[in-house]
Amino acid sequence: MSMENPRPLPPPMAPLPVHPPIAPIPIPVPPSTSAAADDDEAGYEVSDDHRAARERHERAVQELLQRRRAYAMAVPTNDSAVRTRLRRLSEPITLFGEREMERRDRLRALMVRLEADAQFDRLLRAQEDEQGAPDDDDTEQIQYPFFTEGTNQLLQARLDIAMYSLPRAKARVDRAKRRLADPDEDPEAEAGLVVKQAGDFVLECSEVGDDRPLTGCSFSGDASMLATSSWSGIIKVWSMPQITKIATLKGHRERATDVAFSPVDNCLATASADKTAKLWNSDGSLLMSFDGHLDRLARVAFHPSGKYLGTASFDKTWRLWDINTGTELLLQEGHSRSVYGVSFHPDGSLAASCGLDANARVWDLRSGRLYCTLIGHVKPVLGVSFSPNGHLVATASEDNFCRIWDLRTRQMLYSIPAHKSLISYVKFEPQEGYYLATSSYDTKAALWSTRDCKAIKSLAGHESKVTSLDISGDGQQIVTVSHDRTIKIWSCRGSARDNEMKLD
């Protein structure tokens, strides 16, 4: 068997040429800042905007870390302890216009800065000095209590107010229970009748009251007389219903701001910007002057017993006076700004004050304690009034709202957008409180139902700001005074007579 010749193999391939490695070309890099060091090391060219953004980010991170350390740091909460530690750290204990929380924040920032600078010895030394020093604050609190001890006259006045108010409160509650239990009594129908009658108020007469704008007005207990006050400082007494002037009271050196008749007799009290209140007889004779306020007076009100007088002043206090002796019984603080109005509960147990701090406060006259604070207005509160039912109180404010509060729950029931301008005065109808009246700088007065807070009637007739109003004891007449210097009497008796004539 023959073998075939093998196929010849291809010649071997020549080896590939080996090239030398390419040397890197150096790239010139400009000097870089610390914020772009990583980018520069990588060989990238960084723009100025990017570098500034990196720096802002680093600063923000540092501020965040410092803020975290500050919040984690234990700082005293007592203002006296904060002042003491600042003194230990050789820092000013207070700065101009600095408050307690701002002072505490300044101490926290100082401690964070010392910790960041590794000045631990100063921090430890300050804490050791505080621990070793005696606590003087507790001793001062023991020696000087937070309350002011009252006089014997104030104690007797509180007892007298308690003896006066408790029987009246009991009679009011018993009457309310009897009305609810009696099937013949229908409070809802009675309220509807009174509200319907209030819708018939019309302008009965108008009279020029003074040469200057009028500021206050008040009916006597039987509505036989009317008193008005004005910027001229003169108080005038008028006979009703003809509005005939019967007396002129001169004695204030500056403008008179308010006037109020006593609920038990015909004497009246006036308030003035000369920092005094005065007690007058209706014939024009001066009985007494009440001096003591440090700034001008705003409103004045009698206690239902007729024995005490309340005055509100721009010195941030309201005061209670004994009208028989002229003694200042109570100087009540509590408002952070000027006190503008004061009012008394129908039972005589409570007093309400309102001021430019946008709050109204209710005080218990029998114990001297603060019963509650009515917080809800956003601008100064210019008027406050208690309802005859004993558990409602109304406030009028510069925010154009009238708010109604329940004293039992200490909560707001209704908020009425009553006027287009500030509300200067508010008062409940004195019989049962079925409606309330408000006066405003929008040149109008208005009547509102207390059942559903709906508008009943708008009393339009003045040409300028309405500063005050009052309602007669029988609820048949309303008087308003204004900067247009006029007195206007609104009555529903004429409407009733017209209705009777129509029926005849």
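Which residue in β13 does Arg319 stand opposite? Arg319 stands opposite Leu331, and the strands around that pair are a good place to start.

This is a predicted model, so local features need pLDDT of at least 70 and side-chain atom pairs count only at pLDDT 80 or more, while totals for chains, interfaces and linings use all residues. Residues are numbered from 1 along each chain as its sequence is written, and side-chain values use heavy atoms, with hydrogens and water left out.

**The chain as a whole**

The secondary structure comes to nine helices and 28 strands. Helices (H or I, at least four residues) and strands (E, at least two) are DSSP runs, numbered from the N terminus. Of the 504 residues, 44% count as buried; buried means under 20% relative accessible area, exposed over 50%, and partly exposed in between, using a 1.4 Å probe and protein chains only. Now take contacts between residues at least 6 apart in sequence: 46% of them join residues at least 24 apart. Contact here means heavy atoms within 4.5 Å.

**Strand β12 and its partners**

Strand β12 covers residues 318-322, and five of its five residues are buried, so it is largely enclosed by the rest of the structure. Both faces are covered: Trp318, Leu320 and Asp322 lie on one side, with Arg319 and Trp321 on the other.

β12 has strand β11 (residues 308-313) as an antiparallel partner, joined by five bridges. Strand β13 (residues 328-332) also runs antiparallel to β12, with four bridges between them. Two strands pair if DSSP finds at least two bridges between them. In general, strands of a sheet pair through backbone hydrogen bonds, either parallel or antiparallel.

Arg319 turns up again here, as the bridge partner of Thr311. β11 and β12 form a hairpin with four residues between them, and Lys316 in the turn has a positive phi of about 70 degrees. The hairpin of β12 and β13 has five residues between the strands, and there Gly326 takes a positive phi near 75 degrees.

**The core**

The largest nonpolar core has 16 residues, and those with the most contacts inside it are Tyr308, Trp318, Leu320, Phe344 and Leu365. Such a core is a set of buried Ala, Val, Leu, Ile, Met, Phe, Trp, Tyr and Cys residues joined through side-chain atoms within 4.5 Å. The elements that give two or more residues to this core are α7 (152-181), β11, β12, β13 and β14 (339-344). In soluble globular proteins, nonpolar side chains tend to be buried together.

Phe344 touches a list of residues that includes Phe302, Pro304, Leu320, Leu350 and Leu365, not counting residues up to four places away in sequence. Leu350 sits in strand β15 (residues 350-355) and is buried, with a relative accessible area of 11%. Among the residues Leu350 touches, with those up to four places away in sequence left out, are Phe344, Trp363, Leu365 and Leu407.

Further along the chain, Leu447 is found in strand β24 (residues 444-449). At 0% relative accessibility, Leu447 counts as buried. Leaving aside neighbours within four places in sequence, its contacts include Ala198, Phe201, Tyr435, Ile456 and Ile478.

Both leucines also have a C-alpha distance to report:

| Pair | Separation in sequence | C-alpha to C-alpha distance |
|---|---|---|
| Leu350 and Arg366 | 16 residues | 7.9 Å |
| Leu447 and Ser458 | eleven residues | 6.4 Å |

**An open sheet and the annotated repeats**

Four strands form an open sheet in the order β6-β7-β8-β9, with antiparallel pairing. The edge strands are β6 (256-261) and β9 (286-291), each of which pairs on one side only. Five bridges join β6 to strand β7 (residues 268-272), and Val259 stands opposite Thr270 in β7.

The UniProt annotation "repeat: WD", from an unreviewed entry, covers several stretches, including residues 249-281 and 459-491. UniProt positions are given in the numbering used here, feature names are shortened, and annotations may be inferred rather than shown by experiment. Over residues 249-281 the chain is 0% helix and 52% strand, and the end C-alpha atoms are 9 Å apart. Residues 459-491 come out at 0% helix and 61% strand, with the end C-alpha atoms 11 Å apart.
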